Structures are given as C-alpha cells and as structure tokens.
Amino acid sequence: MAGIGQAADQSGVSIETIRYYERSGLVPKPLRTAAGHRNYSGQDIGRLRFIKRCRDLGFPLTDAQSLLGLTDGSMTTCAEAKEIAESQRMAVQAKITQLQKIETALLRLTEQCSDSANSCPILLELLADE
C-alpha cells in the first residue's frame, strides 16, 4: 500500500491529477488509513499508469475510461480497443494536417517579412479584414 505521494511517484501522475481522477470516478476512491490518509494498492497504481499511458497517446479521458473498462474482467475484445485507437489515430492525423497548414501560413508570412521594411506584412495580415 502506498500514500498519495508514493502513488504519484510510481505512476507518473501528479497528486492533483490523482485527486481529479478520483473525483471524476475514473479511478475508485482508495482505502483510508485510521488517520484518514489515502492508501493506494498496486492495482490502483496500475490503473493510474494505464490512464497516464492513454493520456500520453492523446486519448481523451472518456476513451481512457473505455479502454480501462475493457481490462476490468469483462469480455475483452481487441476489436473494441482497435476501434478506439483507430479513432484516436485519425484525430491525430487531422491535427497533423491542421498544424501543417498553420506551418505553411507562418512560413509564407515570415518569408514576406523584411527586417528593413517600414510596414510589417505579418502584422498587416493579422490586422486584415477577411
């Protein structure tokens, strides 16, 4: 059993995040010591690590919860996990496409800019009415 600080260290999740996950029901509230301190089991810490790995891959908490639910002894199907992961991959791809468009626009703006110009094309573009 571990206190909240140890659980944070072992899972890589901050103390405040652990408390948030408890409040939101993503992880069950841990047992308490006689003094009222949280007491996390190895299983609790494992759940926190799982959620952290999901978040590191960009999964929203709802998807992390769904994936976690697939590990909780119910009928685990790879197809369900794959569907969630594929949806996340497509969302990441859409973000990459949008970021590439932003990069192209910023590149165009910075290439138009001359340090000696009296008016700045970057600022003019940002001020333009469209």
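Let me begin at the surface, where Leu-99, Ile-102 and Leu-106 together make a nonpolar patch of about 290 Å². One of these three residues, Leu-99, belongs to helix H5, which covers residues 78–112, and because its relative accessibility is 55%, Leu-99 counts as exposed. Please keep in mind through the whole talk that what you see above is a predicted model, so every value I quote has been computed from that model.

From the surface I would like to move to helix H2, which will occupy us for some time. Which residues of helix H2, residues 15–24, are buried? They are Ile-18, Tyr-21 and Glu-22, and because these residues cover an arc of only 100° around the axis, they sit on the same side of H2. What do the buried residues of H2 pack against? Their partners are helix H1 (4–11), strand S2 (38–39), helix H3 (42–56) and helix H4 (61–70). After H2 comes Gly-25, and the phi angle of Gly-25 is positive, near 85°.

Let me stay with Tyr-21 a little longer, since Tyr-21 also takes part in an aromatic pair. A pair of aromatic rings is described by two quantities, the distance of the centres and the angle of the planes. When the whole structure is searched, one aromatic pair is found. The pair consists of Tyr-20 and Tyr-21, whose ring centres are 6.2 Å apart and whose planes make an angle of 55°, an arrangement that is called tilted. How is each of the two rings placed with respect to the surface? Tyr-21 has a relative accessible area of 6% and is therefore buried, whereas Tyr-20, with a relative accessible area of 41%, is partly exposed.

Now to the charged side chains. Side chains of opposite charge can pair when their charged atoms come close. How many salt bridges does a search of the whole structure find? The search finds four, and I will take you through some of them.

In the first example, Arg-19 pairs with Glu-16, and the closest N and O atoms of this salt bridge are 2.7 Å apart. Both Arg-19 and Glu-16 belong to helix H2, where they are three residues apart, or about one turn of the helix. Arg-19 has a relative accessible area of 28%, so it is described as partly exposed.

In the next example, a salt bridge joins the side chains of Glu-22 and Arg-38, at 2.9 Å from N to O. Here the pair links distant parts of the chain, with Glu-22 in helix H2 and Arg-38 in strand S2, 16 residues apart. Are Glu-22 and Arg-38 buried or exposed? Both are buried, and you may remember that Glu-22 was named among the buried residues of H2.

A further salt bridge is formed by the side chains of Asp-56 and Lys-52, at 3.0 Å from N to O. Asp-56 and Lys-52 both lie in helix H3, four residues apart, which is again described as about one turn of the helix. With 54% relative accessibility, Asp-56 counts as exposed, while Lys-52, whose relative accessible area is 26%, is partly exposed.

Next, please look at Pro-30, which is found in the loop between H2 and strand S1 (31–32). The relative accessibility of Pro-30 is 10%, and therefore Pro-30 counts as buried. If we leave aside the neighbours within four places in sequence, Pro-30 is in contact with Glu-22, Arg-38, Asn-39, Tyr-40 and Asp-44, so that list contains both partners of the salt bridge between Glu-22 and Arg-38. Asn-39, which was in that list as well, is found in strand S2. With the neighbours within four places in sequence again set aside, the contacts of Asn-39 are Met-1, Ala-2, Pro-30, Leu-31, Thr-33 and Asp-44.

I will finish with helix H4. The buried residues of H4 are Asp-63, Ala-64, Leu-67, Leu-68 and Leu-70. Seen down the axis of H4, these residues fall within an arc of 155°, so they line one face of the helix. Among the elements that cover the buried residues of H4 are H3 and H5, and H5 is the helix in which Leu-99, the residue from my opening, lies.

Note on methods. Residues are numbered from 1 along each chain as its sequence is written. This is a predicted model: local features need pLDDT of at least 70, side-chain atom pairs count only at pLDDT 80 or more; totals for chains, interfaces and linings use all residues. Side-chain values use heavy atoms; hydrogens and water are left out. Patches are made of residues with over 30% relative accessible area and no salt bridge: like charges are joined within 9 Å, nonpolar side chains (Val, Leu, Ile, Met, Phe, Trp, Tyr) within 5 Å. Accessible areas come from the Shrake-Rupley method with a 1.4 Å probe; for residues, only the protein chains shown count as cover. Helices (H or I, at least four residues) and strands (E, at least two) are DSSP runs, numbered from the N terminus. Buried means under 20% relative accessible area, exposed over 50%, partly exposed in between (1.4 Å probe, protein chains only). Rings of Phe, Tyr and Trp (its six-membered ring) pair if their centres lie within 6.5 Å; planes under 30 degrees apart count as stacked, over 60 as edge-to-face and the rest as tilted. The arc is that of the directions from the helix axis to the C-beta atoms. Contact means heavy atoms within 4.5 Å.
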